[in-house]
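Please open the model in a viewer and keep the sequence panel visible. The stops below proceed from a single residue to helices, cores and the contact between chains.

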Amino acid sequence: MGDRVRRVREARQESAGKVGAVGAELMQRVARGDEAAFEQLYDLLVGPVFGLVRRIVRDPAQSEEVVQEIMVELWRSAARYSPERGSAMTWAMTIAHRRAVDRVRSAQAAADRDDTVGRRDIGRPFDEVAEQVTTRLEQEQVRRCLRTLTELQRESVLLAYYGGRTYREVGDLLDTPLGTIKTRLRDGLIRLRDCLGVA
Amino acid sequence: MSPDIHALTGAYALNAVSDDERAEFERHLADCEPCAQEVAELRETATRLALAAAEEPPAALRSRVLGQIGTVRQLPPETTVVPLRRKDRRPLARRLTTMAAAVLLVAAAALGVLVVRQNQQLDDTRAQAAEMSEILRAGDAQVVTLDGGDGGDGGDGGRITVAMSRSLDRMLLLGDDLPDPPSGHDFQVWSGHDGTMVSAGLLTPDHGEALLAVRGFGDADQIAVTVEPDGGSDQPTSAPVLSVDLPTA
């Protein structure tokens, strides 16, 4: 455990100053109710949160609502963030992804059970990503690394993360057995991790 | 760990699991250190996908959120560790709970080191962690600290924290910053019973950290550590390098 904490810490130190780094001190101030600190945190987090939610939820008005819920949730639970478990950015993105997915899964359950809806979407998340992932360095790097994945790995990872699909849904969409999808998600992320130099 | 559930680390890190699967996997994570490590890294990786998707949000959103937080009360931290203050006026029971939590942290750190360096002894280590939590849960749990003074040869620095319960007749010693014993020697722990010393076992520092569980110390009124020839002695052959009087029940 000691080694792991150390490694996570080192990873955080390395990422300090890079895109997406949120200082521990800023989190502490937010946890103590410092609203000015929260404004800084908002500015650091809202771009990725909004982009992620937009990809998953799609509808612009609903996306805004969900982003607002997420940002308020981050304020509410800032004291529950523990640096030992990972970076503050990842803590925030985990909360954001769950909220966005909760919204689409409950809407989906209420609205339709028609699994043909998703099928036509298969190519879209990645095409959109490919378009967007051109401007910043971070995007360049992610794009380059995504290309090192096999097609099935890449499609699975992007459908799951940007599409907000469960691995079962990904399996249905790609007509691939569940065991294979689980493995591709893991292998794909591992390859991405190594290419991006995470941890 | 079963390879099947381990394969779920990717899906879990991407939040691509159902609520039931998530709950089940989180139970598994609590007992699977390699899985937790992998999940932490894969989550950081997923975060990079979110960063790559960043988009400029509508400006009006900012003022709505900042307006709303003024009306939302924040949750307290989950941790039970409270920083100790010099003038501590909390009731004794609560101070002990805090101390116990602090000792648990020391234990966790020491155990972590042991887990990494001595994987073979994982079961022993787990048993000691269980021992520690049993002791700390006992109604009469007490915590004392032996600070390394200059009591004799080999006694420069180091600290041993003792968590004990007289009702359970058990104690756990946690050493940190301990020097290595002189070559050909061991640190031996003794319980003192009105002047009579009874061996409680050897304390072997690993990078300054050591753990020793003691069962059955009876009416001991003192804990002492001496430097003894390799393997220990029947009776102390040198003056203690560390010693402390134990609190009575």
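Select B:Ala239 to begin; the coordinates displayed are those of a predicted model. Is this alanine, B:Ala239, buried or exposed? Neither term applies: B:Ala239 has 13 other C-beta atoms within 10 Å and is therefore partly exposed, since a residue counts as buried at 20 or more such atoms and as exposed at 12 or fewer. B:Ala239 belongs to the loop that links strand 7 (222–229) with strand 8 (242–245) in chain B. Add B:Val225 to the selection: 14 residues separate it from B:Ala239 in sequence, and their C-alpha atoms are 8.6 Å apart in space.

Next, display chain A alone as a cartoon. Chain A contains 11 helices and 0 strands, and along the sequence its pattern reads α-α-α-α-α-α-α-α-α-α-α. Of its 199 residues, 40% count as buried. Among contacts in chain A with a separation of 6 or more, 66% join residues 24 or more positions apart.

Now turn to the largest nonpolar core, which has 67 residues. Which of its members touch the most others? They are A:Val49, A:Val53 and A:Ala160. Helix 3 of chain A supplies the largest share of this core, 11 residues. Centre the view on A:Val53 and, leaving aside residues up to four places away in sequence, find its contacts: A:Ser63, A:Val66, A:Val67, A:Ala96 and A:Ala100. Another core, of 29 residues, lies apart from the largest one; select B:Met132, B:Leu212, B:Ile223 and B:Val241, which are among its members.

Proceed to helix 4 (residues 60–76) of chain A and helix 5 (residues 59–69) of chain B, whose axes are 10 Å apart and meet at an angle of about 40°. The two helices are therefore oblique to each other, and their crossing is right-handed. On helix 4 of chain A, show A:Glu64, A:Val67, A:Gln68, A:Met71, A:Val72 and A:Trp75; opposite them, helix 5 of chain B contributes B:Leu61, B:Arg64, B:Val65, B:Gln68 and B:Ile69. By type, the residues of this contact are 7 nonpolar, 2 polar and 2 charged.

Finally, colour the whole interface. How many residues of each chain take part? Chain A has 66 residues in contact with 51 residues of chain B. On the side of chain A, helix 3 (residues 35–57) gives the largest share, 12 residues. That side comprises 34 nonpolar, 16 polar and 16 charged residues.

Methods
Residues are numbered from 1 along each chain as its sequence is written. Chains are lettered from A and ligands numbered from 1 in the order in which they are written. This is a predicted model: local features need pLDDT of at least 70, side-chain atom pairs count only at pLDDT 80 or more; totals for chains, interfaces and linings use all residues. Two residues are in contact if their C-beta atoms, placed from the backbone, lie within 7 Å. Helices (H or I, at least four residues) and strands (E, at least two) are DSSP runs, numbered from the N terminus. Ala, Val, Leu, Ile, Met, Phe, Trp, Tyr, Cys and Pro count as nonpolar, Asp, Glu, Lys and Arg as charged, and the others, Gly among them, as polar. A nonpolar core is a set of buried Ala, Val, Leu, Ile, Met, Phe, Trp, Tyr and Cys residues joined through C-beta atoms within 7 Å. Axes are lines fitted to C-alpha atoms, for helices over the stretch in contact, and angles run from 0 to 180 degrees between N-to-C directions. Angles under 35 degrees count as roughly parallel, over 145 as roughly antiparallel, 65 to 115 as roughly perpendicular and the rest as oblique. A crossing is left-handed if the near helix is turned anticlockwise from the far one by less than a right angle, and right-handed if clockwise.
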